Amino acid sequence: MGGQAKGKRTNKPKRKENRPNRDAGFVGLSPQERVKLRMHEKAKKKSAEKYSVQQLLEKTEECMDSFDFEMAVLFCQRALDVESTNLQALDMLGHIYSELGDTLKAKGAFLRAVELSPEEGHNKYMYLGQIHTGQEAVDFYTRGIQVLLSALDKQAQNTQAGAAAPLDEDAQLPTAKDVSVAYCSIAEIYLTDFCMEEGAADKCKEFIERALQYHHDNPEALQLMASYLFSTERNQEGREYLLKSVALWLPAQKQSVAPPSTEEGMQSEVPPYESRITTAKLLIESEEYEMAVDVLEGLLEEDDEVVQVWYLSGWVCYLQFEKAKEQQEREGREVTEEETEEWKALKEAARSYLTNAKKLYSKLRCDDQPIMEHVEQLLGELGGVMEGEEEDPTLDEDYEPCSDEEEDDAEAPMDH
């Protein structure tokens with residue numbers, strides 16, 4: 001019996017060596033960090049048992065649709081804990097971090113997706129282009145366009161061969177309009193970041209023409225062509241492109257009642273918010289004041305915490321007032337009672353908009369001195385801030401200071 005006991009004891013160390021070392025990943029960690037890591041591993045295992053990756057991504061999408069991006073991060077990260085190479089999860093995580101303003105983490109997610117699948121999926125390259133500036137941005141957009149064109153070529157080959165895409169994937173298929181939008185992004189860089197470089201104007205025009213080649217009714221491409229033409233002092237041609245662009249989306253947006261399907265289709269044609277700020281500025285420059293007012297009203301309804309939109313709304317009302325006065329003086333007649341009322345309304349509207357611009361500028365702690373100086377000048381001519389609206393507003397707990405980058409997205413203020 002004693003010999004058998006000895007044999008058992010000598011076998012124990014061998015069995016122990018074959019066991020996985022549960023504490024291998026905890027070397028160098030504090031007790032608190034070990035507890036946290038164990039809890040994370042336990043939660044990861046529980047998620048894998050309780051939810052599939054697809055279910056976790058569906059939960060992520062629900063949170064994103066309701067703008068609960070903090071919760072969306074948790075669900076998306078759980079999905080990646082279960083399947084770290086899931087491309088859809090990486091794309092979603094990058095998008096969520098972009099919405100939260102965490103550029104570094106967004107970049108990390110998208111670059112990981114590029115590393116895993118460089119030849120498929122153009123969206124990651126589009127987001128990386130947005131995150132970067134200058135030549136780096138151009139390179140990412142260009143790579144995204146190459147992926148897009150390759151995907152479109154495959155679609156064309158499948159169509160010729162009689163093969164159809166699965167019905168549930170139709171919504172994800174790239175289109176010629178996606179190519180057009182990507183070329184617009186490159187053209188805009190040559191119109192802004194690279195505007196002082198030699199040959200920038202020609203490059204800008206080249207990419208706008210490519211954008212229109214792939215989607216001739218792209219409002220953003222038409223507006224970029226208008227901006228390019230205005231910058232080269234071909235104002236009449238620029239005005240024609242501008243009005244054609246606006247006509248594609250503004251009338252539908254102004255309709256107060258529209259069937260859901262029509263509304264969804266219309267929203268897909270409406271240019272991005274920053275692009276519509278530029279639309280308003282170009283319309284003001286073209287003296288299309290009423291149309292500019294319509295665009296600005298839509299922007300305020302969508303987001304009423306953008307200083308530049310309040311400022312432009314006040315500026316256009318002031319210009320309407322000045323134009324009406326000049327016309328009356330040219331005609332050399334007495335001011336009618338109706339004109340007096342109209343002028344008073346325009347002055348009060350301008351004061352109200354500009355007062356709100358001043359309040360918001362202070363609230364968001366913006367740093368765009370040219371806008372503030374012009375706001376002060378206009379308010380001085382109009383009789384000062386509106387009574388009862390001058391005091392500084394209380395800051396929201398979750399406010400974010402206004403950055404120069406955000407203002408630059410909508411281009412610099414107009415010259416006065």
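Two residues are said to be in contact here when heavy atoms of each lie within 4.5 Å. By that criterion, in this predicted model, I96 touches T60, M64, F69, A72, V73 and C76, leaving aside residues up to four places away in sequence. The surrounding segment is worth a look as well. The UniProt record, an unreviewed entry, places a TPR repeat at residues 87-120. Over residues 87-120 the chain is 82% helix and 0% strand, with the end C-alpha atoms 10 Å apart.

I96 also belongs to the largest nonpolar core, which has 54 residues. Together with I186, Y190 and I208, I96 is among the residues with the most contacts inside this core. Helix α9 (residues 176-191) supplies the largest share of the core, nine residues. A second core, separate from this one, has 45 residues, including A226, V246, L360 and L382.

Aromatic residues offer another way into the structure. A search of the whole structure gives nine aromatic pairs. In one of them, the ring centres of Y190 and F194 are 5.2 Å apart and the planes meet at 65 degrees; because planes over 60 degrees apart count as edge-to-face, the pair is placed in that class. Both Y190 and F194 are buried. For W310 and Y353, the centres are 5.9 Å apart and the planes stand at 45 degrees, so this pair is tilted. W310 lies in helix α17 (residues 307-331) and Y353 in helix α18 (residues 337-363), so the pair ties together parts that are 43 residues apart in sequence. W310 has a relative accessible area of 15%, and is buried because the cut-off for that class is under 20%. Beyond pairs, one aromatic cluster is formed by Y183, Y190, F194, F207 and Y214.

Helix α11 (residues 219-231) rounds off the picture. This helix has 13 residues and reaches 18 Å from its first C-alpha to its last, close to the 18 Å expected at 1.5 Å a residue. Of the 13 residues of α11, 12 are buried, so the helix is largely enclosed by the rest of the structure. The buried positions include nonpolar residues such as A221, L222 and L224, but also E220, Q223 and S227. A226, one of the buried residues of α11, is also a member of the second core. At the N-terminal end of α11, N218 acts as a cap, with a side-chain oxygen 3.0 Å from the backbone nitrogen of E220. Just after the helix, E233 takes a positive phi of about 65 degrees.

How values were computed: Residues numbered from 1 in each chain as written. Predicted model: local features only at pLDDT ≥ 70, side-chain atom pairs only at ≥ 80, totals over all residues. Heavy atoms only, no water. UniProt positions renumbered as here; feature names shortened; annotations may be inferred. Helix = DSSP H or I, 4+ residues; strand = E, 2+ residues; numbered from the N terminus. Core = buried A, V, L, I, M, F, W, Y, C linked by side-chain atoms within 4.5 Å. Buried < 20%, exposed > 50% of the residue type's maximum accessible area, 1.4 Å probe, protein only. Phe/Tyr/Trp six-rings, centres within 6.5 Å; stacked < 30°, edge-to-face > 60°. Expected span 1.5 Å × (residues − 1). Polar contact = N/O pair within 3.5 Å; in protein donor to acceptor, adjacent residues only side chain to side chain.
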